[in-house]
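Student: Could you take me through a close look at the aromatic rings in this structure, and explain how their pairing is described?

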Amino acid sequence: MHGIMIQGTSSDVGKSMICTAFCRLLADQGYSVAPFKSQNMSNNSYVTVLGEEIGRSQGVQAEAAGIVATVDMNPILLKPESGMKSQVVLFGKKLEAMDGMDYRSQFYEQGLAAIDQALLNLSKEFTHIVIEGAGSPAEVNLNDRDLVNMAVAERADVPVILVADIERGGVFASIVGTLALMPNPERVKGLLINKFRGDIELFEDGVGFLESYTGIPVLGVIPYLPNHAIEQEDSLGVLELAKTASRQPIDIAVLKHPYLSNFTDIEALLNEPDVSVRWVEFVADLGVPDIVIIPGTKSTIADLRYWKQQELQEHLKSLPNESKIVGLCGGFQMLGEWLADPCGYDGMKAGLEQGLGFIPGMETQFTEEKFVQRRTGVAHFEKLGIAVTGYEIHTGRSTPVNPPLIYYETSSEGYQGGRILGTHLHGFFDSPDCRRAFLAPFRKMKKLPEPPIQQEIDRFGRWAQHVKQHIDWQAVERMVEASQ
């Protein structure tokens with residue numbers, strides 16, 4: 001395959017977004033292109049059509065390329081959980097939980113074999129590949145057993161573009177320092193400056209310095225693009241979006257668990273013009289919001305205990321009757337009466353934990369087998385039936401309760417009663433119709449007009465053209481075509 005690899009000076013510099021743009025641009029030019037990330041560490045996973053888990057960024061990049069995502073695009077997924085361990089997902093299936101030392105000593109050779117097999121599989125179906133690195137390639141303490149950065153560039157034999165986020169500050173030091181510490185810096189054939197704000201002409205001297213000092217061309221300076229509507233891989237990006245949003249009449253408070261997962265469930269709510277989303281780490285900062293969302297978690301019982309220590313239950317009970325309490329996946333399970341984990345499958349020591357008690361009769365038992373499935377159903381809001389599509393991914397099995405929130409073809413799921421709403425379905429708020437129905441009572445109560453229905457935009461095309469406009473795309477193409 002021909003290909004290119006995007007590495008970064010640190011996490012959250014925009015590697016995933018650049019790869020998304022490149023996948024779309026190459027696909028638009030008629031190339032058969034696939035995304036690839038050998039090892040991803042994230043609790044925000046993507047469920048393939050076969051019910052397998054991969055990193056969310058590769059699923060989004062596959063969508064941008066107009067192809068179906070497969071496990072070969074992210075053969076190794078690490079899902080951090082409590083106790084300094086991560087669940088290892090290999091080719092879409094849960095393998096085991098390992099701590100960092102065991103992973104480095106016991107999994108390395110198996111990981112290399114998985115990477116080689118995935119690359120081979122992709123080469124049989126695609127002619128071009130866009131590879132995403134992870135974190136920074138200059139982590140000198142990890143490079144001897146690298147499974148994700150320069151070692152992958154070597155195995156795939158592709159050139160590397162190094163991306164830096166100028167918004168963080170220290171962009172010159174981060175680029176020069178990364179090149180000084182990374183193995184095989186000669187494979188880096190271009191530099192990209194991302195998230196620029198202001199007049200790009202003022203950075204011309206900076207471009208000149210970088211090219212003169214490093215001997216590597218700066219391929220472009222990409223301005224920050226707000227409201228790009230593409231899901232963020234890193235929770236830092238989602239948290240920053242909420243932080244920079246202006247205050248609006250409908251106040252949504254989202255509990256920021258220590259083991260937060262599937263944070264993109266919240267991102268769609270930022271598209272609503274009269275909604276503010278704020279993340280809350282301490283109950284004392286919760287205040288009196290219109291809506292409290294308890295999102296997903298990798299360790300439900302551990303996070304439940306975190307909030308119970310702060311007397312979350314009492315605070316939620318004290319909220320006005322008009323306030324809504326929403327539980328998503330693990331947050332939904334917390335709202336029940338009991339959570340049982342007799343074998344420690346939730347990432348903690350075995351035990352029984354009393355829930356917050358807002359959903360009568362609901363108990364959750366954690367099992368070894370993970371439930372992973374895409375789902376399409378109808379959510380009921382008063383007399384409205386709204387089509388919803390998403391995915392479930394959890395080890396906890398909850399007792400069915402009435403009245404359910406979502407009806408599937410042969411079953412039902414979730415709960416809605418009074419001011420409580422809960423579901424295991426990730427992506428519940430992705431549907432604009434679902435958000436409108438959910439927010440309608442608050443808009444009515446606050447005498448807010450219904451916002452106009454937003455026209456569907458080609459988010460991938462918009463972002464890709466923004467990137468193309470500000471980089472030397474022809475130079476990138478030459479790099480890709482020169483690789484084998």
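Tutor: What follows is a walk through the aromatic pairs, with a short look at a charged patch afterwards. Please keep in mind that this is a predicted model. A search of the whole structure finds 11 aromatic pairs, and one of them is formed by Phe196 and Phe203, whose ring centres are 5.8 Å apart and whose planes make an angle of 55°, giving a tilted pair. Phe196 and Phe203 are both buried, and they also belong to one aromatic cluster that includes Phe172, Phe209 and Tyr213. A pair of aromatic rings is described by the distance of the centres and the angle of the planes.

With that in mind, we can turn to Tyr306 and Trp307, whose centres are 4.8 Å apart and whose planes stand at 80°, so this pair is edge-to-face; the cut-off used here is that planes over 60 degrees apart count as edge-to-face. As for their surroundings, Trp307 counts as buried because its relative accessibility is 0%, whereas Tyr306 counts as partly exposed because its value is 21%, and the reasoning rests on the limit that buried means under 20% relative accessible area.

Now for the charged patch: Asp199, Glu201, Glu204 and Asp205 form a negative surface patch. Within this patch, Glu201 is placed in the loop between β11 (188–196) and α7 (204–214), and Glu201 counts as exposed because its relative accessibility is 59%, given that exposed means over 50%.

Technical notes:
Residues are numbered from 1 along each chain as its sequence is written. This is a predicted model: local features need pLDDT of at least 70, side-chain atom pairs count only at pLDDT 80 or more; totals for chains, interfaces and linings use all residues. Side-chain values use heavy atoms; hydrogens and water are left out. Patches are made of residues with over 30% relative accessible area and no salt bridge: like charges are joined within 9 Å, nonpolar side chains (Val, Leu, Ile, Met, Phe, Trp, Tyr) within 5 Å. Accessible areas come from the Shrake-Rupley method with a 1.4 Å probe; for residues, only the protein chains shown count as cover. A salt bridge is a side-chain nitrogen of Lys or Arg within 4 Å of a carboxyl oxygen of Asp or Glu. Lys and Arg count as positive and Asp and Glu as negative; His and the chain ends are not counted. The place of a charge is taken as NZ of Lys, CZ of Arg, CG of Asp or CD of Glu. Helices (H or I, at least four residues) and strands (E, at least two) are DSSP runs, numbered from the N terminus. Buried means under 20% relative accessible area, exposed over 50%, partly exposed in between (1.4 Å probe, protein chains only). Rings of Phe, Tyr and Trp (its six-membered ring) pair if their centres lie within 6.5 Å; planes under 30 degrees apart count as stacked, over 60 as edge-to-face and the rest as tilted.
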